[in-house]
Amino acid sequence: MILMTTVSPVLRIGLGLLDVWPGVSYSIPYWLIYILSILTIQYFQYRYVFEHLEISELSNLIDSLPAALDYSLTILKLISLWMHRRVIYQLVTAMDNDWRECVGSDQHLYVMTIKANISHWCSKVMLSVNVITAAFYLLGEYAIRFVYLSGDYNDTFRQFPIKVQFPFETQQSPIFELLAVTLFLHMMLNTCTLAIVNALISTLVLHVSGQIDIMCHEFKNISKSVLHKSSANLIGMLVERHNRIILFSKNIESLFSFIALMQVVWNTLLICCLGFVIIISIHNKAGVFVIVKSATGYFAVMTEAFVICFAGEYLSLKIKLIGNAIYETMWYDMPVDQSKIIVLIIMRCQKRLTITAGKMMDMSFETFTSIIKASASYISVLNAMY
């Protein structure tokens with residue numbers, strides 16, 4: 001079966017439920033219900049934070065922040081996607097047009113099919129990893145509690161999967177069980193939402209990289225016979241394709257610029273919180289379950305940062321390949337008017353196209369390395385001061 005879309009079925013369904021996929025019926029009510037449910041849980045999360053805003057409960061306070069900040073990041077991402085849904089519509093339309101053009105060429109269709117397979121695989125992996133990581137993190141609290149109870153700890157207070165403060169009694173059955181299951185399922189849904197956003201980034205970048213590979217392949221296949229006969233039409237088509245690639249890349253940048261900025265800010269806060277919990281757990285000998293739970297959350301945070309930094313780095317590197325492929329052609333044998341066009345394309349390829357964090361910094365491996373160094377420095381200083 002030949003794939004005719006870079007967007008996986010799972011990603012398409014997720015974007016439809018988030019009201020950012022064109023042509024989906026009754027998506028707005030689903031989006032509003034989901035946003036209201038997140039805001040409701042967010043209220044009870046920050047109510048817990050303010051109730052325990054004391055130095056004597058600093059460890060418990062810091063432990064409650066990662067899930068609360070994660071929900072806040074989800075809200076910002078959903079609002080940003082919804083505000084830029086027209087950009088998403090333009091990207092989806094451009095992707096459909098690119099696939100229709102590929103039908104006439106087996107080579108082009110082969111390249112795009114490979115990218116589509118990678119995109120579908122990445123979407124499944126991101127969703128699976130996020131779900132498994134979230135399950136380990138949420139169930140870690142119950143594993144810790146089980147170990148404590150086995151050690152004759154006198155604690156009969158039952159904990160929810162995430163730290164929340166309800167304005168009514170929640171310890172009696174079946175209220176506790178219903179709320180615990182609801183919170184667990186909602187947290188898993190929140191995790192799937194973050195995975196959908198990450199999958200969308202990778203899908204768009206992989207699609208435009210396929211178009212870049214096609215353009216590079218066309219330039220490399222230009223021969224002298226073509227140069228002197230029909231090079232004008234071919235160069236015109238390649239210039240048009242290059243313009244579409246640049247427009248597509250700029251739309252990706254405008255769609256994820258704010259999301260990338262929030263990702264960097266929130267990841268910094270989450271890393272600080274999780275690093276504090278890890279150091280406290282090590283020095284208090286809280287057990288392997290506490291450390292594993294915190295390390296799992298740290299891994300999830302770094303994975304999200306890596307995805308968007310990798311997407312920005314990959315997009316930037318692929319854009320440079322166009323200029324290299326053009327330079328390697330026999331442009332010097334072309335007529336003067338066509339060689340000038342080639343020179344202009346090469347000059348245009350010198351402009352860096354990538355994903356930025358609020359137009360302030362490029363999302364690249366350098367940025368990801370800086371995040372890693374900052375988190376390692378923070379944990380090292382905290383460990384030395386404890």
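How much space lies in the second largest cavity? In this predicted model, the second largest cavity holds about 90 Å³ of space, and it belongs to a set of 5 cavities of 30 Å³ or more.

The lining of the second largest cavity is made by 10 residues, and D63, P161, I162, K163 and K293 are those that lie nearest its centre. Helix 3 and helix 5 each contribute at least two residues to this lining, with helix 3 giving the most, namely 3 residues.

The largest cavity has a volume of about 330 Å³. Its lining consists of 22 residues, of which D70, M187, G297, A300 and E304 lie nearest the centre. At least two lining residues come from each of helix 3 (58-83), helix 5 (106-150), helix 6 (175-220), helix 8 (231-283) and helix 9 (288-327), and helix 9 supplies the largest share, 7 residues.

The table sets out how the residues of each lining divide by kind.

| Cavity | Nonpolar | Polar | Charged |
|---|---|---|---|
| Largest cavity | 13 residues | 7 residues | 2 residues |
| Second largest cavity | 5 residues | 1 residue | 4 residues |

Turning from the cavities to the surface, I13, L17, Y26 and Y30 together make a nonpolar patch of about 490 Å². One of these residues, L17, lies in helix 1, which covers residues 9-17. L17 has a relative accessible area of 45%, so it counts as partly exposed, since that class lies between the cut-offs of under 20% for buried and over 50% for exposed.

Notes
Residues numbered from 1 in each chain as written. Predicted model: local features only at pLDDT ≥ 70, side-chain atom pairs only at ≥ 80, totals over all residues. Heavy atoms only, no water. Patch = residues over 30% accessible without salt bridge, like charges linked within 9 Å, V, L, I, M, F, W, Y side chains within 5 Å. Areas by Shrake-Rupley, 256 points an atom, 1.4 Å probe, with all protein chains shown as cover. Salt bridge = Lys/Arg side-chain N within 4 Å of Asp/Glu carboxyl O. Helix = DSSP H or I, 4+ residues; strand = E, 2+ residues; numbered from the N terminus. Buried < 20%, exposed > 50% of the residue type's maximum accessible area, 1.4 Å probe, protein only. 1 Å grid on protein atoms, 1.4 Å probe; cavity = no way out; pocket = protein on both sides within 12 Å on 5 of 7 lines; lining within 4 Å. Points joined across faces, edges and corners; volume = space filled by probe spheres on them. Nonpolar A, V, L, I, M, F, W, Y, C, P; charged D, E, K, R; others polar.
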